[in-house]
Structures are given as C-alpha cells and as structure tokens.
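Open the model in your viewer and switch to a cartoon view. This tour tells you what to select at each stop and what is there.

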Amino acid sequence: MITSKKMKGIVMMVIAVLSLTASNIYAQETLKKGDKAPGFTLKDQDGKDFKLADHLGKQKIVVFFYPMDQSPVCTAEVCAFRDAYAKYKDANALVIGINQGTVESHKAFQSKEKLPFDLLSDPDNKVLKLFGVKEENLGTMILSGRETFVIGKDGVIAYSFRDFMKGEDHSKEVLSYLKK
C-alpha cells in the first residue's frame, strides 16, 4: 500500500527528473542570434575569476570554444585570434577562449603562443553546455566542440560561427561580421 507520504516522495522525484531533463534539453540547444548569453564565472589562466557580467555593456565579447590546448587545429585557431587582436581592439571587442583545460594548461599555452587574451577553464564543460556547443565524434574519440559567439553590449548573441576542422577561419569570420 502506498501512503500519502510515499506518494508525495514519488511525485517529487518525478518532478525533479522531468525538471532536470527539461533543463538538459534546453542547455543542449545551441544559442543563436537574438538569444541572451548565459551568465557565467570561470577561472582564467592566472586563477582569477572572469565574470561575464563584469564586461557586459562595456564592449562586444567574442567567446570562442575550442577542444584543447596545444593541438594543431586549436593552436591555429588561437593564433589567428592573436594575430588579429589589434583589429578586435579597434572593433571594441574583448576576446576570450574557453575549454575544459586546467588553469595551468591555459597558462602554459598562453605563454608559449604569446596570447594577449584570457583563456578560461571550464573543467566540466558547464559553460560550453550552457551555450549549446555540440561535441564532435571523430570515430576514435569524442571532443568538445568548436564554436565562436559574438555577444553584443546588451548581452545578446549577435553572431555565431561553427566549423570544427577550420579553427583558423573562426577569427576571419568574426572579423568579417564585426566590420559590417
């Protein structure tokens, strides 16, 4: 016999599961133009907190998600952003890179490649999931995705670009958008 107390517990558990499922479904949809960027706080390569809200309203924010530090395609991508950094500053745009790498791996990568922008550590890919960046199945392994977003001063996604294998194209495409 199911008592009212047990029934209440079952109902609460079902609601919790449905709520979690709904939030996971929502979180997996890739953000698109017109969507509000989710707030987040992550550690940068120096172990300091980077809070998105601290930068909104001041300038456009270019957020690029990349799979890993030091891989060939990812290095080409970050170096393309580095090489065009003056153009981003001219466009009043802040550039940040995010992946699940550690603060230490980001510091080493930033130093080696002389990157003038922050790399943020998202160890559990929580922010990547909030933006809905899809994983890539390469047959022998699954990597976190590669996608770039431009967030307007108003905190709304103004532009996005996705191409997993052409990391160096991300900077070129975003700059083309910013020049319009």
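Two parts are in contact when heavy atoms of one lie within 4.5 Å of heavy atoms of the other. Keep that cut-off in mind for the helices below. The model you are looking at is predicted.

**Stop 1: helix α6**

Select residues 169-179, which form α6. Now show the side chains of Asp169, His170, Ser171, Val174, Leu175 and Leu178, which are buried. What do the buried residues of α6 pack against? Their partners are the strands β3, β4, β8 and β9 (157-162), together with the helices α2 and α3.

**Stop 2: helix α2**

Go next to one of those partners, α2, at residues 72-83. This helix has 12 residues. From first C-alpha to last it reaches 16 Å, close to the 16 Å expected at 1.5 Å a residue.

Colour Cys74, Thr75, Glu77, Val78, Cys79, Ala80 and Phe81, the buried residues of α2. As you look along the helix, remember that an α-helix has 3.6 residues a turn, so residues three or four places apart point the same way.

To see what surrounds these buried residues, add the strands β3 (60-65), β4 (93-99) and β8 (147-151). Then add the helices α3 (85-90), α4 (103-113) and α6, which the buried residues of α2 also pack against.

**Stop 3: strand β1 and its two neighbours**

Select β1 (residues 41-44) and β2 (residues 49-51), which run antiparallel and are joined by 3 bridges. Find Leu42 and look across to Phe50 in β2, which stands opposite. Between the two strands of this hairpin are 4 residues. In this hairpin, Gly47 takes a positive phi near 80 degrees.

Now add β5 (residues 118-121). It runs antiparallel to β1, and 2 bridges join the two strands. Here the pair to find is Lys43 and, opposite it, Ser121 in β5.

**Stop 4: two loop residues with positive phi**

Select Lys114, in the loop between α4 and β5. Lys114 has a positive phi of about 55 degrees although it is not a glycine. Is Lys114 buried or exposed? Its relative accessibility is 66%, so Lys114 counts as exposed.

Finish at Asn125, in the loop between β5 and α5 (126-130). Asn125 is another residue other than glycine with a positive phi, near 55 degrees. Asn125 counts as buried because its relative accessibility is 8%, and buried means under 20%.

Conventions:
Residues numbered from 1 in each chain as written. Predicted model: local features only at pLDDT ≥ 70, side-chain atom pairs only at ≥ 80, totals over all residues. Heavy atoms only, no water. Expected span 1.5 Å × (residues − 1). Buried < 20%, exposed > 50% of the residue type's maximum accessible area, 1.4 Å probe, protein only. Pairing = 2+ DSSP bridges.
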